[in-house]
Amino acid sequence: MVIVDALFNSNAEIADKIELITGIRPKLEIFDLCDADKSADFFRRHNDLKGVIHFAAHKAVGESVEKPLMYYRNNLVSLINILEGMTDNDIPNIVFSSSCTVYGQPDELPVSEKAPIKKAESPYGNTKQISEEIISDTILATELRGIALRYFNPIGAHESALIGELPIGVPNNLVPFITQTAIGIREQIRVFGDDYNTPDGTAIRDYIHVVDLAKAHVVAIDRMINGKMKKDFEVFNLGTGIGYSVLDVIRAFERVSGMKPNYKIVGRREGDVEKVWANPDFSNRELGWKAEQGLDEMVASAWKWEQAIRKK
Ligand code: WQD
């Protein structure tokens, strides 16, 4: 197994940590997949790969509204370089990290894979829509096969607290902002809007434990490598099917930590949808995979990780 990472939101210790957890040390190559020459060279050197799991993208909805070109360049150019490298070297399988943001604000909830793809509410969501189309068109024109995994809201960390989310700078996402506020790095959580049409007025998301999400990738790559696919391009929702509001998540943090991090209701964030949660039935049935961990466990693992990296 080889990892390619430009370390925009990670660090090189990841290989050590994976080895500690799994006993297997992945090779780590550090370069930007937007670099066409380096990407082409990588795939020439690794032309015997059975598949690629492509996670490498910027992923913050709010940030993408402020920096659209950074998102379009990074998320689309890297994908094109990967697909060229794969098709030039007959590497047959790609698992793509897609997103529930491709649904925009769904008309019906819970949202299934059959839901119409609506105009994305953010440049980030649009990069995921465009990426799925690029993959689908490439599959039609080549021998490539692909699975798009539409993530809902991945949160939490590995139970060992050896690996987890490591946002560089001010976190864009809710859960690392909560844990950094609780540990004293941030002053106050800003809750983006309490005037949505939801029970407590704050926006609703389908939070999923990152380890549950990782398990789905193992199932997906196995499905491809062992010829279990039913179509050359398959799409699966990775969610729990349960929606929680921003305040629900803060309450869960208070329950698991015994702390009451400081928060303030402010205006809505540009690019946010009001509410989205998955219909996970197709993934559960077709992949034989189901998210297992509940909100408290997810938030507790994030808090344990935050304390570990701050050595508190
Ligand atoms: C969640 C909720 C915010 C920060 C994420 C990923 C994206 C995609 C979907 C995978 C929203 C509110 C946030 C804060 C807040 N997943 N919030 N204060 O935007 O749903 O997107 O899941 O592809 O890649 O980024 O996640 O954590 O930013 O926001 O009130 O300081 O929390 O408004 O309602 P989002 P998020």
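Rings of Phe, Tyr and Trp, the last by its six-membered ring, are taken as a pair if their centres lie within 6.5 Å. The exercises below apply this and related criteria to a predicted model.

**Exercise 1. Aromatic pairs**

Find how many aromatic pairs the whole structure holds, and classify the pair formed by Phe42 and Phe43 as stacked, edge-to-face or tilted.

*Solution.* A search of the whole structure gives four aromatic pairs. For Phe42 and Phe43, the ring centres are 5.1 Å apart and the planes stand at 85°. Planes over 60 degrees apart count as edge-to-face, so the pair of Phe42 and Phe43 is edge-to-face. Both of these residues are buried, and together with Phe31 they form one aromatic cluster.

**Exercise 2. A pair between a strand and a helix**

Classify the pair of Phe236 and Phe282, state which elements hold the two residues, and decide for each whether it is buried, partly exposed or exposed.

*Solution.* The distance from centre to centre is 5.0 Å and the angle between the planes is 15°; since planes under 30 degrees apart count as stacked, Phe236 and Phe282 form a stacked pair. Phe236 belongs to strand β10 and Phe282 to helix α9, so the pair ties together parts that are 46 residues apart in sequence. As for accessibility, buried means under 20% relative accessible area. Phe236, with a value of 0%, is therefore buried, whereas Phe282, at 27%, counts as partly exposed.

**Exercise 3. The second largest pocket**

Describe the second largest pocket by its volume, its lining residues and the chemical character of that lining.

*Solution.* The pocket contains about 270 Å³ of space. Its lining includes Ser112, Glu113 and Lys114, as well as Lys230, Lys231, Phe233 and Phe282. The elements that give two or more residues to this lining are β10 (233-238) and α9 (281-287). By character, the lining residues of the second largest pocket divide into three nonpolar, two polar and seven charged.

**Exercise 4. The enclosed space**

Determine how many cavities of 30 Å³ or more are found, and which elements give two or more residues to the lining of the largest cavity.

*Solution.* The count comes to one cavity of 30 Å³ or more, and the space in the largest cavity is about 120 Å³. Of the 14 residues that line this cavity, Glu165, Pro176, Thr179, Trp305 and Glu306 are the closest to its centre. Helices α6 (174-182) and α10 (295-309) are the elements that contribute two or more residues to the lining. The lining of the largest cavity comprises eight nonpolar, three polar and three charged residues.

**Exercise 5. Surroundings of two residues**

Locate His58 and Ser98, decide whether each is buried or exposed, and list the contacts that each makes beyond its neighbours within four places in sequence.

*Solution.* His58 is placed in the loop between β3 (51-54) and α3 (61-66). Its relative accessibility is 13%, so His58 counts as buried. Once neighbours within four places in sequence are set aside, His58 is in contact with Phe8, Met70, Tyr71, Asn74, Asn75 and Tyr124. Ser98, in turn, lies in strand β4 (residues 93-99) and, at 1% relative accessibility, also counts as buried. With the same neighbours in sequence left aside, Ser98 is in contact with Lys128, Glu132, Ala148, Leu149, Arg150 and Tyr151.

**Exercise 6. A charge over a ring**

State which ring has Arg268 lying over its face, and at what distance from the ring centre.

*Solution.* The ring is that of Tyr196, and Arg268 lies over its face at 4.0 Å from the ring centre.

Conventions. Residues are numbered from 1 along each chain as its sequence is written. This is a predicted model: local features need pLDDT of at least 70, side-chain atom pairs count only at pLDDT 80 or more; totals for chains, interfaces and linings use all residues. Side-chain values use heavy atoms; hydrogens and water are left out. On a 1 Å grid over the protein atoms alone, a cavity is a set of points where a 1.4 Å probe fits but cannot get out, and a pocket is an open set with protein on both sides within 12 Å along at least five of seven lines; lining residues have an atom within 4 Å of a point. Grid points are joined across faces, edges and corners, and a volume is the space filled by probe spheres set on the points. Helices (H or I, at least four residues) and strands (E, at least two) are DSSP runs, numbered from the N terminus. Ala, Val, Leu, Ile, Met, Phe, Trp, Tyr, Cys and Pro count as nonpolar, Asp, Glu, Lys and Arg as charged, and the others, Gly among them, as polar. Buried means under 20% relative accessible area, exposed over 50%, partly exposed in between (1.4 Å probe, protein chains only). A charge sits over a ring if NZ of Lys or CZ of Arg is within 6 Å of the ring centre and within 35 degrees of the ring normal. Contact means heavy atoms within 4.5 Å.
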